[in-house]
Structure formats: structure tokens, C-alpha cells
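Welcome, and take a moment to look over the model below. The text after it walks through the parts one by one.

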Protein chains: 2
Amino acid sequence: MKKDNSAKQSLTKNQSLVLQALAEADQPLGAYELLNRLQPSGFKAPLQVYRALDQLVEKGLVHRLESLNAWTACCEDQHSYTPVFAICDDCGNVTEHFDEQLAGNIEKVTKRSGFTPDRSIIEIHGQCDDCGTITQS
Amino acid sequence: MKKDNSAKQSLTKNQSLVLQALAEADQPLGAYELLNRLQPSGFKAPLQVYRALDQLVEKGLVHRLESLNAWTACCEDQHSYTPVFAICDDCGNVTEHFDEQLAGNIEKVTKRSGFTPDRSIIEIHGQCDDCGTITQS
DNA sequence: GGATAAAATGTTAGGTTATAACATAGCCGC
DNA sequence: GCGGCTATGTTATAACCTAACATTTTATCC
């Protein structure tokens with residue numbers, strides 16, 4: 001994770017706009033949904049969105065949710081561990097978690113077979129606290 | 001995982017063809033690559049492939065690799081734990097692993113926040129033993 | 001400050017991946 | 001055979017992503 005305190009300060013205009021749109025959303029957004037929201041700001045083509053997203057991911061300020069084809073602003077915490085995303089299939093809300101032990105387990109599982117891990121994707125689908133409580137009542 | 005011994009016996013024609021194509025491949029295949037390979041068998045439209053894939057995933061005979069937009073035949077083991085996929089970014093080879101502790105930790109991380117897990121996605125990108133050894137020599 | 005290189009942006013076009021909608025055909029229990 | 005269910009066929013379209021190339025902005029060095 002190449003994330004430091006200056007990361008946000010060195011953002012370009014497009015990067016800032018995309019990051020702000022993601023931060024204001026209460027759910028992960030697809031690239032074309034971002035494009036829709038940023039057209040008032042002058043965005044015209046998907047590539048403008050994709051390029052900004054790639055750069056923000058590189059800086060560690062945005063994560064891509066592989067199972068949703070969507071993107072979300074990183075929680076504000078500095079983190080070196082692989083994030084774990086909990087995705088509510090009812091309301092679409094996504095939360096970011098960390099666990100040192102879990103990160104260690106992943107290394108262990110693959111290294112048994114001589115595999116050298118680089119980046120990990122952990123996404124858990126289910127029901128968040130709010131939605132679970134509602135349906136049980 | 002709804003997988004039992006009779007799962008394979010109750011496959012329809014399209015499902016059998018898709019599963020066989022995946023089993024014969026030495027790498028995960030995309031839906032359109034599957035379509036190409038199955039056109040000699042009479043497949044004509046993407047939906048035929050996607051429907052068979054969905055049904056095979058439901059039966060637990062095929063897994064989808066979210067970060068590759070590709071699909072792979074399940075290893076033959078009966079498994080109740082969430083599979084962990086190790087994906088070599090050099091040669092494209094993918095291996096399926098299991099770890100009870102890892103599965104337990106994942107539940108733990110999300111349940112802290114009242115989340116009820118349903119299905120988990122764990123995909124680790126990196127370098128497999130073969131590719132790592134080669135580049136180091 | 002001006003030359004230069006690197007990074008970011010603009011724009012058009014096209015490729016890949018996945019689903020909607022509707023019609024048809026086979027299977028199974030009653 | 002009838003009704004309900006599952007699977008299939010087919011056309012069209014939506015959603016997601018990248019290539020290629022031109023232009024502009026930013027950073028750096030002298």
C-alpha cells in the first residue's frame with residue numbers, strides 16, 4: 001500500500017473529483033455511475049473515470065470490489081494489512097475490516113505450496129446488522 | 001455448498017459439456033472462451049454458457065474467479081470450507097486450497113460488527129512455485 | 001525563465017463480459 | 001393429457017473496460 005500523508009494533497013483535479021464522489025456515496029459505485037455523477041463537473045468519457053480510479057487505487061485511497069465491479073473510498077485508517085470487505089447483499093452497504101491473524105493465515109495457506117503472495121482479495125457477502133435485525137422481527 | 005455424490009449424475013447436456021470443457025482446460029476459462037470451444041458441440045449464444053455456469057456453480061461443481069472474470073472446475077475434493085484460490089499472475093495457473101482456521105477467522109472478523117456471512121471470496125494473486133523458481137535462477 | 005521530459009488529460013473507437021425479454025421444448029407428478 | 005417446473009433457444013442490448021493517438025499540464029533541470 002503506497003499510502004502516505006501527502007497522498008491526498010497531490011491529487012489531480014480528476015482524481016479529486018472521483019475520490020470525492022466515492023466518499024460522498026454511501027455505497028460502492030460502478031465506473032459508469034461515477035461518470036453520470038461527474039458529468040456536471042465536465043467528465044465526458046469512461047476513460048476519464050477509469051484512469052482516475054487506477055491512480056487512486058495505486059495511491060491506496062480507493063479499493064476495487066471485484067465481486068461487484070465497483071469501487072469504494074478507502075476508510076481513513078492507515079493500513080498495511082489486506083482489507084476484508086463485508087458486503088450486504090440486501091442494502092448494498094460495504095464495510096472495511098482488518099485482522100492481522102487473517103492476513104497471516106493467507107500467507108500460510110499459499111506458502112505451503114511454494115506460492116509467493118502479492119495481493120489478496122477478500123470479500124464476504126452476507127447480511128449486515130441492520131438488515132438482519134429487520135428481517136428477523 | 002450444495003454438493004453431493006449425485007451432483008454429477010444429474011447434469012443436463014449443456015451442463016456436462018461446459019463442465020467437461022473446464023475440466024480439460026489447464027487454466028480458468030472466460031465465458032466467451034468456453035463458447036468458442038463449445039461451438040463445435042452446438043453452442044451458439046453466450047447465454048447458453050452463462051446459464052450452464054450458473055447451474056454448475058449452484059451445484060458446487062464450478063467456481064467463479066471474480067478477479068479474473070473466469071471459471072474453473074472444482075477440485076474433486078468434497079469441501080465445506082470456503083476455498084482459497086492462489087492465482088499465478090505469470091503463468092495463469094490457479095490452485096484451490098482449504099484452511100479451517102482461515103475460514104473461522106473470516107467469520108470472526110465480520111461477526112464482530114453483527115454481520116452474517118453467507119459466501120466468501122478469497123483470491124490471492126502472486127507467483128506460483130514454478131514461475132518463482134525460474135525467475136530466481 | 002526556457003528547454004525538456006514525464007505525467008495527466010481529451011477524444012474516438014472498439015473489445016469483452018453479462019443480462020433482459022420472450023418463445024419453445026422436455027420432464028414429472030397427478 | 002394437463003399443469004407446473006426446469007432447461008433451452010434466440011435476438012437484442014446493457015454494463016464494463018481498453019487501445020490508440022493527440023493534446024495539455026506539471027515537474028525538473030540548466
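Domain bounds, as used here, come from an automatic or database domain assignment. With that in hand, chain A is divided into domain 1 (13-73) and domain 2 (83-136). This is a predicted model, in which local features need pLDDT of at least 70 and side-chain atom pairs count only at pLDDT 80 or more, while totals for chains, interfaces and linings use all residues. Residues are numbered from 1 along each chain as its sequence is written, chains are lettered from A and ligands numbered from 1 in the order in which they are written, and side-chain values use heavy atoms, with hydrogens and water left out.

**Inside chain A**

The C-alpha centres of domain 1 of chain A and domain 2 of chain A lie 22 Å apart. Their contact (heavy atoms within 4.5 Å) takes eleven residues from domain 1 of chain A and twelve residues from domain 2 of chain A. Between them, the two domains of chain A bury about 770 Å², 56% of it on carbon and sulfur atoms. Buried area here is the accessible area (1.4 Å probe) that two parts lose on being put together, summed over both. On the side of domain 1 of chain A, the residues that lose the most area to domain 2 of chain A are His63(A), Leu65(A) and Glu66(A), together 45% of what that side buries.

**How the two chains relate**

Chain B is superposed on chain A by a rotation of 179 degrees with 0.1 Å of shift along its axis, with an RMSD of 0.2 Å. That is the relation of a two-fold axis. The superposition is by least squares on the C-alpha atoms of residues with pLDDT of at least 70 in both copies. Of the residues of chain B, Ile122(B) comes closest to the rotation axis, at 2.4 Å (C-alpha). The copies meet through the same surface, because 100% of the interface residues of chain B are also interface residues in chain A.

**Around DNA strand D**

DNA strand D is surrounded by 13 residues, counted as near if one of their heavy atoms lies within 4 Å of it. Helix 3 of chain B gives the most to this surface, with four residues; helices are DSSP runs (H or I, at least four residues), numbered from the N terminus.

The table lists polar contacts, meaning pairs of N or O atoms within 3.5 Å.

| Side chain | Partner in DNA strand D | Distance |
|---|---|---|
| Tyr32(A) | base nitrogen | 2.6 Å |
| Arg64(A) | phosphate oxygen | 2.7 Å |
| Arg51(B) | base nitrogen | 2.3 Å |

Methods: Polar contact = N/O pair within 3.5 Å; in protein donor to acceptor, adjacent residues only side chain to side chain. Helix = DSSP H or I, 4+ residues; strand = E, 2+ residues; numbered from the N terminus.
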